[in-house]
Amino acid sequence: TGAMDGEVRTHCTLDEHQVKAYRCHRSRVKDVDVANGNRHLFFSASEDGTCRMWDMRQKHNCAGGDCSGNIMFDLRRLRAGGTVQFKSIAFQRQDPNLAVTACSDAAIRVFDRRYCGKAVEGEDLSLQRYVPGGLSALFRSDWGGESLWKRKVNNLSATYAEYSPGGDEIIATYSGDQIYLFDTAIPSDCGVPLAPPEKEKEEGRSQEWDDRLRTIISNGEKYKERVEELTYSLRFSPNSHALLLSRAVGYYHRCWLGDLTM
């Protein structure tokens, strides 16, 4: 288990006693995952910017020191001005060396634990990084600079990421944003929100339809509170232009960062 006190603890479920407490992390531990095929190994992800590996067969003393020997992935010095926090960690079933992590800078990173260790300052050792399409522009150095990063991305965080049973997709959740699905076969896939309705090709519009469009757009402020309701209605009428436009206007006025990808 992991907790807000920064400790990782192992317990015996038979008599409910604590086996051992590990105190290497310097901040909250957000997730713990057990290695596939090896019941002695488990891993922890923390907001201190490290993911650590623990082996229950080995003795470990956390008294003082940096405890750097068990660091598997390190994002403490990745970006100037702060640490990139780990929010979750999960391993692929098909290849237990591959781990997907959710991070506080809105990126979903895939690591290979065979190439782990303390990173050089500013170096990202991840094999792949996934960012939703509506947020990817925030990761370009020429798009708004550090001030935009602090205003926008620091308020958005990936909260959890997990591989699909087949290992070909990654599902990720975000605080204050959509749930995204990434295709691991596409490098740097921008993901798709779950689940956008299929849109039919637009045909000629009548004057009556144009009047409806103007009415919906002019009253767009009220639709931002009805996004979930409109999304539910689209399950029954997936090709309704009125519902699609109303939801689009609602996304626009709601102003969540990932809404533009919808």
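This note goes through the sheets, one buried acidic residue, the cysteines and the unusual backbone angles of a predicted model.

1. First sheet. Four strands make up an open sheet, and their order is β3-β4-β5-β6. The pairing in this sheet is antiparallel. At its edges are β3, residues 29-34, and β6, residues 71-74, each of which pairs on one side only. From one strand to the next, the twist averages 20°.

2. Pairing of β3 with β4. These two strands run antiparallel and are joined by 5 bridges. As a point of register, aspartate 31 stands opposite alanine 45 of β4. The two strands form a hairpin, with 6 residues between them. Glycine 37 lies in that turn and has a positive phi of about 80°.

3. Pairing of β4 with β5. Strand β4 covers residues 41-46 and strand β5 covers residues 50-55. Their pairing is antiparallel as well, over 5 bridges. Two residue pairs fix the register for the reader: phenylalanine 43 is opposite methionine 53 in β5, and serine 44 has arginine 52 of β5 as its bridge partner. This is again a hairpin, here with 3 residues between the strands. In its turn, glycine 49 has a positive phi of about 90°.

4. Burial of β4. Which residues cover the two faces of β4? On one side are Leu41, Phe43 and Ala45, and on the other are Phe42, Ser44 and Ser46; all are buried. With 6 of its 6 residues buried, β4 is largely enclosed by the rest of the structure. Phe43 and Ala45, named above for their partners in β5 and β3, belong to one side of the strand. Ser44, the bridge partner of arginine 52, belongs to the other.

5. Second sheet. Another open sheet has 4 strands in the order β7-β8-β9-β10, with antiparallel pairing. Its edge strands are β7 (86-91) and β10 (128-130), and each of them pairs on one side only. Ignoring direction, neighbouring strands in this sheet are turned by 20° against each other on average. Strand β9, residues 108-112, runs antiparallel to β10 and is joined to it by 3 bridges. Within this pair, valine 110 stands opposite glutamine 128 of β10.

6. Glutamate 7. This residue is in the segment before β1, a strand that spans residues 8-11. Is glutamate 7 buried or exposed? Its relative accessible area is 14%, so it counts as buried, the limit being under 20%. The side chain of glutamate 7 makes a polar contact of 2.9 Å with the side chain of arginine 23. Leaving out residues up to four places away in sequence, glutamate 7 touches Thr1, Gly2, Ala21, Tyr22, Arg23 and Val29. Arg23 is thus a neighbour of glutamate 7 as well as its polar partner.

7. Cysteines. The model contains 0 disulfides. Why is cysteine 103 not bonded to cysteine 51? The sulfur of cysteine 51 is the closest cysteine sulfur to that of cysteine 103, but the separation is 7.6 Å, which is too far for a bond because a disulfide needs the two sulfur atoms within 2.5 Å. Cysteine 103 is buried, at 0% relative accessibility. Cysteine 24 is buried too, with a relative accessible area of 1%.

8. Positive phi at glutamate 16. Most residues other than glycine have a negative phi. Glutamate 16 has a positive value, near 65°. Where does glutamate 16 lie? Its place is the loop between β1 and β2, the latter spanning residues 18-22. With 71% relative accessibility, glutamate 16 counts as exposed.

9. Positive phi at alanine 106. Alanine 106 is not a glycine either, yet has a positive phi of about 75°. The residue is found in the loop between β8, residues 98-103, and β9. Alanine 106 counts as buried, with 1% relative accessibility. The two loop residues thus fall on opposite sides of the burial scale: glutamate 16 is exposed, whereas alanine 106 is buried. When checking backbone angles, a reader may take these two residues together with the turn glycines, glycine 37 and glycine 49.

Terms used:
Residues numbered from 1 in each chain as written. Predicted model: local features only at pLDDT ≥ 70, side-chain atom pairs only at ≥ 80, totals over all residues. Heavy atoms only, no water. Pairing = 2+ DSSP bridges. Axes fitted to C-alpha atoms, helices over the stretch in contact; angles between N-to-C directions. Buried < 20%, exposed > 50% of the residue type's maximum accessible area, 1.4 Å probe, protein only. Polar contact = N/O pair within 3.5 Å; in protein donor to acceptor, adjacent residues only side chain to side chain. Contact = heavy atoms within 4.5 Å.
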